[in-house]
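Visitor: I am new to this structure. Please show me how to read it, feature by feature.

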Amino acid sequence: MLKPLSKDGWNYETAAHLLNRAGFGGPPEEITRLTDLGHEAALSSLLDYEKIPDPTPNPVWAVPDLGRADRVRAMQSMTPDAKREAQQAEQRAQAQQIIELRGWWLNRMATGPRPFQEKMVLFWHGHFATSYEKVRDAYYMWRQNELFRQLATDYWLHLLTEAGKDPAMLIWLDQAQSRKEHPNENYAREVMELFSLGEGHYTEKDVTEGARALTGWSLDRQTEQFIFRPFFHDNGDKTFLGRTGNLNGEDMMAQIVKQPQAAVFITGKLWNFFAGQMPSPELNSALADAFVESARCFKPFLRVMFRSEEFYSESIIRNQVKSPVQWLVGTARTLQCDLPPGFISAAILRSLGQDLFAPPNVKGWDGGITWITTNTLLERYNDAATLVQGTTQQLSASDFALKPGGPGGVVQEKAAQRMHIGGVDVEKILTPEERADKNKLVAALQHRLLQSTFSNKQDQALRDFLDSRPTLADADIRNVVRLVMSTPEYQVT
Amino acid sequence: MKNEITLQTRRQFLRGTVLGSALSWTVPTFLADTFAALQSQAADSATQIVTGKDGSILVVLQMAGGNDGLNTVIPYANDFYHNARPKIGQTADKVLKLNGDIAFHSAMTGFKNLYDSGNLAVVQGVGYPNPNRSHFRSTEIWQTASDSDKVEKYGWLGRYFDNACAGADPTVGVVVGRQLPESFFAKTPTGICFDNPQNYRFLSPERPKPGQTDMTEAAYEKLNETEMASSDADSGASIGSLAAGMPMQGGKAVDFIERTAMDAQISSDEVRNIAARVQNQATYPNSAFANSLKLVAKLIGGGLPTRIYYVSQGGYDTHTNQLATQQRLLGDLGDSLKAFVDDLKAQGNLQRVLVMTFSEFGRRVTENANGGTDHGAAAPMFIVGNKVKAGLLGRYPSLAPQDLFEGDIKYNVDFRSVYASVLENWLKTKSAPILGKQFEPLPVV
């Protein structure tokens, strides 16, 4: 198992598959470039992203807000009215920043030079699913996002440890409040159940002992940094997953990562994310072996995975439902157009069921076919018109269901309905011949958007539409692009 | 009228074509219900599967923000209550009395009317062990029916769909709102949502004149028509797998999406058609919330094969100036519900419909300094319909300081006992597979 794909298995179709899954897809030129590189160099061009400079600046507010704790404290002695006003101002500023943060990240995915790194950040965000709805602090959410970026393909022990010490996580799963007198079991349980081992691979005793080991991991609200509080820490002996001693959080994470099941769990989840379905038990065990042989470091493991013939098998290619993020970012990359402004992109993603920085719960997004309901499918078809035609007129008011009254509320909604947001430049994506010849046009769009072909009946539907137009105006061509996107076939990758 | 004919014709066409060929995953779900029903009759006669337009209907009504139960169903004769609430406490001269101890808020004339006519049950002191005071988390607990220290992936209504409605029409669940609530999250996505039926459709840029064809829309319809499955499949086996809920096993993702696309087309036509055709037969208040109930009444009257409707009314997070806010919200809620009941009665559908309210938590017993109340715990639920066990159910929680937990009243009834009753006695399905364990149903119907 996990033999490298044969040399003649590498072609335009498999190159497109790699770019779609290890990145967010791209235009035909980019796929051709990868094809020509050969499999190994193509892999390296995506995976060895450290070699590619990424000059994206951080959001200006992405620094610790050293005055925040004092401001919050000062509110306690204000009059009720002043306190309310101060709290609302604080909340408004945070809400504005989280909208900016969504746009900032989406732009990195859509236009940044390291799509694979961003795809991994998206994986980790869904894995360590943390929500702004509880954390209520944009800086902490950015910091966690940046942690996932820095350690995207690092050693599992390193990432798992740092994710537990991350301020957003310390708040999200209540570790910040845990002390030896009343150890909070939330993080101890979820770190095993959801992040590393899966249910049934630890006991309730491991949860309570783990919670004791974790005491002392806390958050300094003044500096907005992780802090170890020795007075909170339980220095007694604990027995955790078979190891006994005065264990601390680091010891606990080391003991988790060592478990054979830990390798099975995380590699199964990675395979599911990138290949689109859970691996068979045999494949999962081969993946786990490869991970252990890679010293439990993700970069070499993922190279084995993306090199393997299993990853390019028929049941994997074009059989994954695009996540809303994949759908939106992939559309911008494939059609070589801009993403809409951040707050519109965020509203689109929310209505499609993937509100970044606000997963539904600590289990993250379920993904797969659960992305598709009758209304999210119609939303995709209608949002396609927005992206392609470049006007927000096609968006329903419900697409702007941001916080009523807050930033992104009514005022932005009104503005958005009149907004022009770029749209597709048909001259950029189609040659003059393709724009003049209906057959060539339909073929070029299928090639670009599906890397596959429609059924005869669907072909005929597009031809009928084109035949009803006296000339092929740009608006008509954009409408055909939208129609190609308004199909079941465009929703998979 | 013309629309209706087109819709009817298309349905008949699809029915004929699909039934003429083999069944597979690509069969639109509206056809699959027939087979699911056959299957279930054989399997479990205690389970009632959605079979059409005469099943019982549950309307779930979310009072979002955490409604102050103590100022809704008011212990107006209780000294602890008045001591804790010198500013916002409701005195005996204002309230709508139900007995010597308990009264409705003065704005709740609609509720009082329903109560007096035997169409309303009040379940007192509903909550769950180890209550959580976060809106986000407590809402999630109510939506997923989980223990407060467990996170569930799927919602309780989603699990109902997965367990009892496999193969049903997608309109088996209808949310009036912008987003699917977490209670609808399911293994097999089920249910539709829209705030305005006009938005639940494929939007074409064309504006064809009467008699002209909208070519964009025509192309969309053809691009999304189900390709009939190859005819060599064994149809007997396919029926079995249909009824089993069609998980994503071995099937191509695109087949599932094709089927959903067909469902979307059909349900979109159907919903807009009914909304345009059916008239309301009662006078509702003029509010966004009343409009959702008006729409639900129309869809019920129009015969949509829906088992679960979901509506919500927000604004209950009354940390400040609670009196005015609650006056407005409870008045709107009660008047809208009263009109809804009248509407259904006029339609002849009232005996099929049960409304159940919930809110993520009640509020602190002691009022705060801003004329409001902070997040609390237990609160009442309301059940509306002409089959309800009308009156006051459960016990009013004690307000004596020694009986409070961190300033909150303690629950007497676990909300999952109410869910269990609604599932078993109203929707006629076993509750344990849906709620994760057996809760003693608190009979509400």
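The talk below goes from the chain contact to helices, strands and single residues.

Visitor: What should I know before starting?

Guide: This is a predicted model, where local features need pLDDT of at least 70, side-chain atom pairs count only at pLDDT 80 or more, and totals for chains, interfaces and linings use all residues. Residues are numbered from 1 along each chain as its sequence is written, while chains are lettered from A and ligands numbered from 1 in the order in which they are written.

Visitor: How many residues does each chain give to the contact?

Guide: The size of an interface is often given as the accessible area lost when the parts come together. Here we count residues. Two residues are in contact if their C-beta atoms, placed from the backbone, lie within 7 Å. Chain A gives 44 residues and chain B gives 46 residues. On the side of chain A that touches chain B, the elements giving two or more residues are α5 (80-111), α7 (132-135), α19 (374-389), α24 (456-467) and α25 (474-485) of chain A. Helices (H or I, at least four residues) and strands (E, at least two) are DSSP runs, numbered from the N terminus. The largest share of that side, seven residues, comes from α19(A).

Visitor: Which classes of residue make up the side of chain A that touches chain B?

Guide: Ala, Val, Leu, Ile, Met, Phe, Trp, Tyr, Cys and Pro count as nonpolar, Asp, Glu, Lys and Arg as charged, and the others, Gly among them, as polar. That side has 17 nonpolar, 19 polar and eight charged residues.

Visitor: How do α18(A) and α19(A) cross?

Guide: Axes are lines fitted to C-alpha atoms, for helices over the stretch in contact, and angles run from 0 to 180 degrees between N-to-C directions. Helix α18 (residues 342-352) of chain A and α19(A) have axes that come within 9 Å and cross at roughly 155°. The two helices are therefore roughly antiparallel (an angle over 145 degrees). Ile348(A), Ser351(A) and Leu352(A) in α18(A) meet Thr376(A), Glu379(A), Arg380(A) and Asp383(A) in α19(A). By class, this contact has two nonpolar, two polar and three charged residues.

Visitor: Which way do the residues of strand β6 of chain B point?

Guide: In a regular strand the side chains alternate between the two faces of the sheet. In β6 (residues 173-176) of chain B, Gly173(B) and Val175(B) point one way, and Val174(B) and Val176(B) the other way. All are buried. A residue is buried if 20 or more other C-beta atoms, placed from the backbone, lie within 10 Å of its own, exposed if 12 or fewer, and partly exposed in between.

Visitor: Which strands pair with β6(B)?

Guide: Two strands pair if DSSP finds at least two bridges between them. β6(B) pairs with β8(B) in the parallel sense over three bridges. Val174(B) stands opposite Tyr309(B) in β8(B). Three bridges also join β6(B) to strand β7 (residues 192-194) of chain B, and these strands run parallel. There, Val176(B) stands opposite Phe194(B).

Visitor: Where is Asn321(B), and is it buried or exposed?

Guide: Asn321(B) is in the loop between β8 (308-313) and α11 (322-347) of chain B. It counts as exposed because it has 12 C-beta neighbours inside 10 Å. Its phi is near 45°, a positive value in a residue other than glycine.

Visitor: What is phi of Glu406(B)?

Guide: Phi of Glu406(B) is near 50°, again positive in a residue other than glycine. Glu406(B) has 9 C-beta neighbours inside 10 Å, so it counts as exposed.

Definitions and conventions: Angles under 35 degrees count as roughly parallel, over 145 as roughly antiparallel, 65 to 115 as roughly perpendicular and the rest as oblique.
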